[in-house]
Structures are given as C-alpha cells and as structure tokens.
There are 2 protein chains.
Amino acid sequence: MTDLSREGATALDAADPLASLRDAFVVDDPELIYLDGNSLGRLPKASADRIAQVVRDEWGADLIRSWKHWVDLPFRAGDLMGSALLGAAAGQVVVSDSTTVNLYKLAAAALDARPDRNVIITDDDNFPTDRYVLEGLAAQRGIELRLVRTDIDEGLDPDVLRDAVDDNTALVSLSHVAYRSGALLDMAAVNEIVHGAGALVLWDLCHSAGSVPVRLDATGADLAVGCTYKYLNGGPGSPAFLYVREELQTLLRQPIWGWFGQRNQFAMGPAYDPAPEIGRFLAGTPAVLGIAAVEEGVRLLAEAGIGRLRAKGQELTGYMIELTNAWLPGLDLATPPDAARRGSHVSLRHPDAWRFTQALIEAKVIPDYRTPDRLRLGPAPINTSFTDVWDGLDRLRRIVADRTYERFSSEPSRVT
Amino acid sequence: MTDLSREGATALDAADPLASLRDAFVVDDPELIYLDGNSLGRLPKASADRIAQVVRDEWGADLIRSWKHWVDLPFRAGDLMGSALLGAAAGQVVVSDSTTVNLYKLAAAALDARPDRNVIITDDDNFPTDRYVLEGLAAQRGIELRLVRTDIDEGLDPDVLRDAVDDNTALVSLSHVAYRSGALLDMAAVNEIVHGAGALVLWDLCHSAGSVPVRLDATGADLAVGCTYKYLNGGPGSPAFLYVREELQTLLRQPIWGWFGQRNQFAMGPAYDPAPEIGRFLAGTPAVLGIAAVEEGVRLLAEAGIGRLRAKGQELTGYMIELTNAWLPGLDLATPPDAARRGSHVSLRHPDAWRFTQALIEAKVIPDYRTPDRLRLGPAPINTSFTDVWDGLDRLRRIVADRTYERFSSEPSRVT
C-alpha cells in the first residue's frame, strides 16, 4: 500500500534515481506544477545555451561557413535518437519537417510500394493529423481509408486489427501510444499481423518516443514518424523525425523530391536522383535551429536512459491513479490501469473536465484537456517529481471540493 | 563616370540612406566582407534577442500557455511580409514548412485544379529543388514536365514561354530572379502569357523577396513560395512562405491534410474539413522559433522599405560590375547588364571560379560558387556597403594578379 501523505511523495522523490535531472531544466516558478510535458516539454538549460550558441557563433559570426556543422545535423540527431530511444541502428532515422509532412511522405511511399492494394487502415481514434493525412492520400488515389474501431479508454485490440487486414491492405498506420487515453499498443504483435497480410506498417511515435522504449528494429517495424516537442523537449514546433527500416530505403521513394533528398546535392544535376539511403527521405533545407535544440533534448533523455524513464513513467502514472482513486472518486480513469499497457500520461473522464482544466491553470497546475470530457495529465518522467503529482492532484481535489471550477465556462475555446 | 577609388566607395556610403541599418545586424568581424547574403542573410540583433525571448520567456517560463502567442504567428509574419515586400494584401501569405514542401503543396493543388491538362512547364535552369519537385509530381501523375530553354546568363525570354504554353498547360512554375544569373523575370508579362493559356502560375521568390519589389496582387499572380533565410535574414533553415491569391483559396486544396490546415482545429473532428482561407495551406505544427526570427528579419526590411532596398541593390550590383570591368577583364559578366533586368546578385564566369571562391574565403571575403564556373556575389542591400564591394573586389584582383588562387583545388567539394 502506497503512503498517500505528502511525506510519502517526498520519500518517493528521495528514492528517484532521475531526481537530479530536474536541475537540467529551466524551472522558473517552483509553484507551477507542469503536467503537460506530453504536449510541450520543458526547456533544457543546455538547449537554451545551444540555441544561443548556434545563433551567435554559427549564424552570426561564421555565417554560411557554418554549413559544415549543419549538413549532418538531421542525421546526427536522428542517429542519437535512434540508438538511445527508438531501438534503431544508425542510418535509419532523420530529423526533418513536421510530423504531418513526414507522415505524408512515408505513407505515400508505402502506398507506391503496394500499387495493387487499395486499402489504408488506421483506427478511428487516431490523432487527427494522422487521420487527415491518410484521408487525403486515400482521396487522391481513389482508395479506401478503413477506420478500425478502437476503445477510446483501453486502446486498440490487436484482434480487431487482425480481422480488418487482408490482401488488399497496403498500409496500416497507428499510434504507438494513443494521444487521448495513453494506451500503448504491442508493436511486435501489430507488426506481425500487418506483415502477415503483406502490408507495410507506419507508426506514429509522438506519445511514446522518450517515454516508452521503442524497439523499431527488433520488432520489424517498417516506418515511423514522431514529434520532438513532447517528451523529447525540442521546443515549440521543433522538427519531427522519421524512420525507414534499412532494407526498405532503396525500395521506397517519397513524393516530395527536394534538393536535400538528392544524391550529390550540390552538383545540382538536371534530374532527381535520390540519395541512396535515409537521406532520400529529406526534402528541403533543414531547420537548423530546431534540430540543434532537438539534439540537446535527446541527449538529456539518453543520459537518463530510456529504461529508467519508462520505470519512472509507470510509477508516476500509477501514483497518479492511486491518488485519483483515493481523492477524486467522481473522476473515472480513461487510461489502461495496467502500467504495462499505457504510456506516460493519464486521462481522467468527467463531464466538467474543461472547467477543471481552467481552474487548475488558475491554481498553477498545467494539465491538458482533450475532447469531449478528458482531463489529460502527462508527468514527463525526466523532470516531474512525485511531489508535483501529489501537489497537482491535491489542488484538484480542493477545486472539486470547493466547487471553484463552477466559475468557468463549460464551452471549450482554447488552443493548445 | 563613377569614381572607382576607395574614396569613391566611401562617398557612396556617406550618401546611402540605408547605411545606418548595418548597425541593426551582428557584424563580429569588421574585416570580413560578406557577399553571400543571398544564400544566408546576416543575423539581425533583434532576431537574436527575439529568439532568446521566445526560448526563455515563452517556452521556458510560460510553456504550453504560450500557444496564445504562437497560433497566429504564421499569419502575422506572412501578412507583414505580404504588405511590406510582396505586394500582397492581408490573408494571402503564411510562413510554413520549407520552400520545397510549399512548392509541392501549391503545385499539386494547381494540378488538381486543372485535371484535364497534362503539362507542367518550368525552365531548364530553374533551381534544382523546383525542377525536382515538379519532376516528381509529373512522374506521379503521368504527365509531362516540359523544360523551356533559358539563357543561363540573360534569363528566360518570355517569347520562348509564349511558344511553349498551350491549352494542355496546367501549371507554369518559374523563379522570379534566377538563382545562378540573377536575371529578373517580368512577372506581369509572364502572368499574362500563362493566364492567356488558361494555366496557373507558381512563382519561386527565393531570390527576389526582400531585394526586388514583388507585385503579386497587382500582376495577378496565382501562387508563390519563397525562402526566408536569404534576403529576409530569417536564419539557417528558417521556415519558408507561400502565397495563394485570395479568390483561389477556396478553389484549391493542397495534398498534405494536416491538423493545422483544419477548420476549427482543436475540435479534432472526424474528417478533414479545410480552413476556409489561407490557413488551409498549412499542414503540421508551425516552427515557432523559426517564424519568430522571420518576423524580426522582415520587420527590418519593412523599415528599410523595399523601394530603397531595390534602388540600393541596383547601385551595389552596378558598382560591382563597373569595378569588375575595370579591374578583372578575365571575368565575364553572367548576369544581365541592365539593372532593371537583374535582382541583387551578380555572377561572374571564369574557368577558375571555384579556386577564386576558395582564395576569397581565405582572404575573408565570402562569395558563393555555382556550377560549373560561376562566382556569385550577393551584396544584400540592407547591410552591405559600397566599401564592402570595393574591398571584396580589390582582394579578388590581388588574388588574380598574384595567382594565389592556384594553390587551391579546382575540384568543387563544398557544401553551401
């Protein structure tokens, strides 16, 4: 039985091997409880320094001569991320574009590789941009986007997927951790089902990269994309990443034929001749400032170790669930109760979730809201303490008990 | 007759109404002559401050709550650029993605709007990424990419284009200022030719935005893209921009259906329903840091005034040509001699152009090299002085006279 007193939280922090890493982040306001690291991760001190250094020394002083530092950045940051977090050997991950653009590039490449098949499969609660990108590709090609039914609290049942794939399936694209519920899919099981049907699989790792060990190579994943501004702490709108399994690289060709995907780019030759390896999945000029920040964010996670991050994420979310059960009986868990089946965030269901969100922000607790009735709490393992979780939920129980949330509108009108 | 003594340069600087704007930029090394502002513009002091502020205050301190500042950034920076530099009324320009991705989005949208036509036209010396993107779209759709012949020194003759377009032409995509020669196309004349054939026109403004007044609305341009790290001084790999003429916005649909192009994005609705206006041409999460820097860069150009920037660009390039003619008879002008027919850079042709480039860099003059035999000199009007031009060419004439360039390899092996 966990000790649910504040002293209990302090004791958990004292035993946390990652506790000291909080000092690697800018924490301006010690009163602020930040439970939204799965939407925008905190600022690493090293990233602020690195950005300033790139701006001042590389851009300001060395100007165009700095391309010698920049041209390898997408690959270097990708390899670091691949080895430390994604279970991907070197030469398979690059940092580029947005998650949306990367999804488009890789999904289109996969469809081109299965020209005789006419179905794309995703689940009906996948993140909007994933569904929209696939919907657009299906519409352009006159093929079907088949939405398999997912349980919005428990996640997708692999058996539902097994029943949906067949020899018309070109591509299955799923989120490893569901953005709403936090449900974690069994990547190996899904890959096996998809490959059994002869289709390709494209993973969205936005909510797992940096919080859950990903084993892309070992599970035989084909393709993956993900964002870097959540658990990877790359900063607002930082460039995304993509993974293409090595043996697929020369077989696939993405649709946006840009100069950074060209073999021997600076020869500026007459016809597009894609780079022989992962570089062919780049398109335009890399976003140098953003990638440099990603590299720093990933370095910190590598230092923490994905195994320790995973263990702490399970403990933090488990603790959060215990406190909720004890203190907030009106809020229902909308996340798998089994720690092995969830990522590092917890969703709580309540008709007043949006009003709780606003009241929490006023009380200096930053959660997230997800339609229609979810309070989403993402305690980033690298810099969230057990005391943060205790204090955050303590403020919530006061808000609920004192009914202070009733002052707020029940009509969501926010941006996040 | 211009006074070609160094005192003459000093006198020109004294009369330059933009001279004081140089102080708005970081100039670490006063010895360095930077003639590559058309490849990577210098760092504005205000941008360094703004980036630090976004990092520290918006990301670091306010975290996810800063989306209230960020969500309008792509539009705000786009509108500023549109009104100050591009001749575009509000609501037609957004800052997003890379030039390559924007070219892809808009070219694909244009082709979808002309489904019964099967030819894309560009010129055979257009910038590689433009040619590759169009080549990719043509290949995917089984249509023809027709390359019209351009004069690599003088630019495209509109009559050549007139002969090439017909009622099978879906899209004509051209660079306003040619990346190699600096030749400036007559936008109004080209638009008229293209529209006369019932096709759409897509402009690449990479080498004109910020150096040449662009009159998108007045000339009836349909679509445009451009990069922000050249004359707009947005920093390495900063996000690009795109323009869609207002009356075309609801008629066109770009292929990358992402959540930032969705109407009422945070409702996260089941199906893609594109934003009613320019927002539908966005795709993924905006690159906040990069767009903030673009906004600062554009603000400085707006302060200078595009008319004054244009006048100074013509004077600087004219002066450069005069000095070259006087001092460097072995180098041939590979740029239109008529100032009205060129942008703000000058290319000089010589078999040893690559060795001159290396020798100049050693002598602290930063030019650019373009295959196969071009020394490209881009004196950004906002922060290049006439003395810079004089000193840069003076160092070149010494290099040529002393044959110091012969120490360098003639095999290009660089990145830029």
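In strand β13 of chain A, Arg376(A) is the bridge partner of Asp368(A). This pairing belongs to a predicted model, and it offers a good starting point for a walk through the structure. Asp368(A) lies in strand β12 of chain A, residues 368-370, and 3 bridges join β12(A) to β13(A) in an antiparallel arrangement. The two strands make a hairpin, with 3 residues between them.

β13(A) has another partner as well: β10(A) runs antiparallel to β13(A), and 4 bridges join the two. Here Leu348(A) is found opposite Leu375(A) of β13(A). In a regular strand, side chains alternate between the two faces of the sheet. For β13(A), residues 374-377, both faces turn out to be covered. Arg374(A) and Arg376(A) are buried on one side, while Leu375(A) and Leu377(A) are buried on the other.

It helps to step back to the domains next. Chain A is divided into domain 1, made of residues 6-44 and 305-407, and domain 2, made of residues 71-303. Taken over C-alpha atoms, the centres of the two domains of chain A are 28 Å apart. Their contact draws 29 residues from domain 1 of chain A and 27 residues from domain 2 of chain A. On the domain 1 side, the elements that give two or more residues are α12 (306-327) and β10 (346-349) of chain A. β10(A), already met as a partner of β13(A), is thus part of this contact too. The largest share of the domain 1 side, 5 residues, is supplied by α12(A). Sorted by class, this side of domain 1 of chain A holds 12 nonpolar, 11 polar and 6 charged residues.

The next level is the pairing of the chains. Chain B is superposed on chain A by a rotation of 180 degrees, with 0.0 Å of shift along the axis and an RMSD of 0.0 Å. This is the relation of a two-fold axis. In the contact, 62 residues of chain B meet 62 residues of chain A. At least two residues each come from α2 (45-61), α3 (67-70), α5 (99-113), α6 (128-141) and α11 of chain B. The largest share of the chain B side, 8 residues, belongs to α2(B). By class, the chain B side contains 37 nonpolar, 17 polar and 8 charged residues. Since 100% of the interface residues of chain B are also interface residues in chain A, the copies meet through the same surface.

One residue gives a close-up of contacts that reach across the chains. Gln262(B) sits in the loop between α10 (246-249) and α11 (288-304) of chain B. Although it is in a loop, Gln262(B) counts as buried because it has 23 C-beta neighbours inside 10 Å, and 20 or more are needed for that label. Leaving aside residues up to four places away in sequence, Gln262(B) touches Pro128(A) and Tyr132(A) from chain A, together with Tyr272(B), Asp273(B), Pro274(B) and Ala275(B). The C-alpha atoms of Gln262(B) and Tyr272(B) are 6.3 Å apart, with the two residues 10 positions apart along the chain.

Finally, the largest nonpolar core contains 278 residues, and Ala107(A) and Ala107(B) have the most contacts inside it. Not counting residues up to four places away in sequence, Ala107(A) touches Val133(A), Leu134(A), Leu137(A), Leu171(A), Ser173(A) and Leu202(A).

Notes. Residues are numbered from 1 along each chain as its sequence is written. Chains are lettered from A and ligands numbered from 1 in the order in which they are written. This is a predicted model: local features need pLDDT of at least 70, side-chain atom pairs count only at pLDDT 80 or more; totals for chains, interfaces and linings use all residues. A residue is buried if 20 or more other C-beta atoms lie within 10 Å of its own, exposed if 12 or fewer, and partly exposed in between; C-beta atoms are placed from the backbone. Two residues are in contact if their C-beta atoms, placed from the backbone, lie within 7 Å. Copies are superposed by least squares on the C-alpha atoms of residues with pLDDT of at least 70 in both. A nonpolar core is a set of buried Ala, Val, Leu, Ile, Met, Phe, Trp, Tyr and Cys residues joined through C-beta atoms within 7 Å. Ala, Val, Leu, Ile, Met, Phe, Trp, Tyr, Cys and Pro count as nonpolar, Asp, Glu, Lys and Arg as charged, and the others, Gly among them, as polar. Domain bounds come from an automatic or database domain assignment. Two strands pair if DSSP finds at least two bridges between them.
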